[in-house]
Amino acid sequence: MAIPMMEVINVDKSFGSGEKQVKVLSQATFHVKKGEIVTLFGKSGCGKSTLLNILGGFEKADKGSIRHNGEPVLKPTKTCVMLFQQINLLPWRSVLKNVELGLEGEKLKPKEKWARVMDALKLVGLENSLDKFPHELSGGMQQRVAIARALAIQPDVILMDEPFAALDSFNRYNLQQELLRIQKKKNTTIVLVTHDIDEAVYLSDRVIIMSSHPGRIQKEITITQMKPRSRTHADFQYFRRKILDEFQLSTELIAPEYNI
Ligand SMILES: Nc1ncnc2c1ncn2[C@@H]1O[C@H](COP(=O)(O)OP(=O)(O)O)[C@@H](O)[C@H]1O
Ligand SMILES: [Mg+2]
């Protein structure tokens, strides 16, 4: 069997010490294959961001191991890039310069650098906004710049922590659709954190459901509905309900008329 692109094996993590110590993750185990979109889904505070940070080498696990192409992950690397909910563009740099930022420190010829940056900007549809500054862009466009910056690095894996949570639903739907288009074109591997059930069903090949206190992997659900997915299709509702069932929420949220 091929080695999975990312492996998380029996990861434990606590914060604080002594009486104030809180166990955030317990025995977290999952893997991600090349070209998959895997979502970590669970309630706020269940440890999703912590797990994603450990996956990217930004935090250390107390126990267990993380592997990337079979090699232990000990620190952040450019093969695994994190995209945050807070879009951290530099306000004094243009779109072009913000995307170039991702390539700083890489030994690339100017022509090669330009090609990479333009390729990434074309993928997100911003090739005509090179000279704009972040304050001239909508939230959705700013997040596109951040996506382009991540793509220009050409990482093996992009980690996304609620990347669309700050956007209105129209922009969110739009960018989710765009992300799928880009992902398909480049066969990018994505690990996404969300507490938005529609986002999880729309984007994921597999949804990893986490329980809270401490965060554990409760269940994995494979979303078999063909992509691109219609949000109103019966299959979409089926998977939505299947996930809600894990939180014993399906009756209240889907069929309020059954609540007596
Ligand atoms: N650096 C930290 N120090 C102390 N506690 C933390 C730290 N990071 C996260 N926590 C705690 O760990 C728990 C899980 O947090 P987090 O991983 O951010 O959850 P989620 O992303 O699922 O909302 C929360 O109770 C949070 O307060
Ligand atoms: Mg979080």
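Trainee: In this predicted model, how far is the polar side-chain atom of K48 from an oxygen atom of ligand 1?

Mentor: K48 belongs to the shell of residues around ligand 1. One of its polar side-chain atoms pairs with a ligand oxygen, and the distance is 2.9 Å.

Trainee: And how far from an oxygen atom of ligand 1 is the side chain of T50?

Mentor: Let's go by way of S49, where a polar side-chain atom sits 2.8 Å from an oxygen of ligand 1. For T50, take an N or O atom in the side chain and an oxygen atom of the ligand: they are 2.5 Å apart.

Trainee: How much of ligand 1's accessible area does the protein cover?

Mentor: Taken on its own, ligand 1 has 560 Å² of accessible area. The share of it covered by the protein is 56%.

Trainee: Which helix gives the most to the shell around ligand 1?

Mentor: Start with who is in that shell: F15, V24, K43, S44, G45, C46, G47, K48, S49 and T50. By type they split into three nonpolar, five polar and two charged residues. Three of the shell residues come from one helix, spanning residues 48-55, and that top contributor is α1.

Trainee: Is α1 largely enclosed or open, and why?

Mentor: Look at its buried residues, which are K48, T50, L51, L52, N53, I54 and L55. That makes seven of the eight residues of α1, so the rest of the structure leaves this helix largely enclosed.

Trainee: Which residue just after α1 has a positive phi?

Mentor: Step just past the end of the helix and check the backbone there. The phi is about 80°, and the residue is G57.

Trainee: Which helix supplies the largest share of the largest nonpolar core?

Mentor: That core has 51 residues, and F41, L121, L151, L203 and I243 have the most contacts inside it. The largest share is seven residues, from the helix covering 139-152, namely α4.

Trainee: How many residues are in the other core that lies apart from it?

Mentor: Its members include L25, L51, L52 and L159. Two of those names, L51 and L52, also turn up in the buried list for α1. The size of this other core is 26 residues.

Trainee: Last one: does E246 count as buried or exposed, and why?

Mentor: E246 is in helix α7, residues 234-246, and touches I209, Q218, K219 and I221 beyond its sequence neighbours. Its side chain also makes a polar contact of 3.4 Å with that of K219. Because its relative accessibility is 19% and the cut-off is under 20%, E246 counts as buried.

Conventions: Residues numbered from 1 in each chain as written. Chains lettered and ligands numbered in written order. Predicted model: local features only at pLDDT ≥ 70, side-chain atom pairs only at ≥ 80, totals over all residues. Heavy atoms only, no water. Core = buried A, V, L, I, M, F, W, Y, C linked by side-chain atoms within 4.5 Å. Buried < 20%, exposed > 50% of the residue type's maximum accessible area, 1.4 Å probe, protein only. Helix = DSSP H or I, 4+ residues; strand = E, 2+ residues; numbered from the N terminus. Near = heavy atom within 4 Å. Polar contact = N/O pair within 3.5 Å; in protein donor to acceptor, adjacent residues only side chain to side chain. Areas by Shrake-Rupley, 256 points an atom, 1.4 Å probe, with all protein chains shown as cover. Nonpolar A, V, L, I, M, F, W, Y, C, P; charged D, E, K, R; others polar. Contact = heavy atoms within 4.5 Å. Lists of a residue's contacts leave out its neighbours within four places in sequence.
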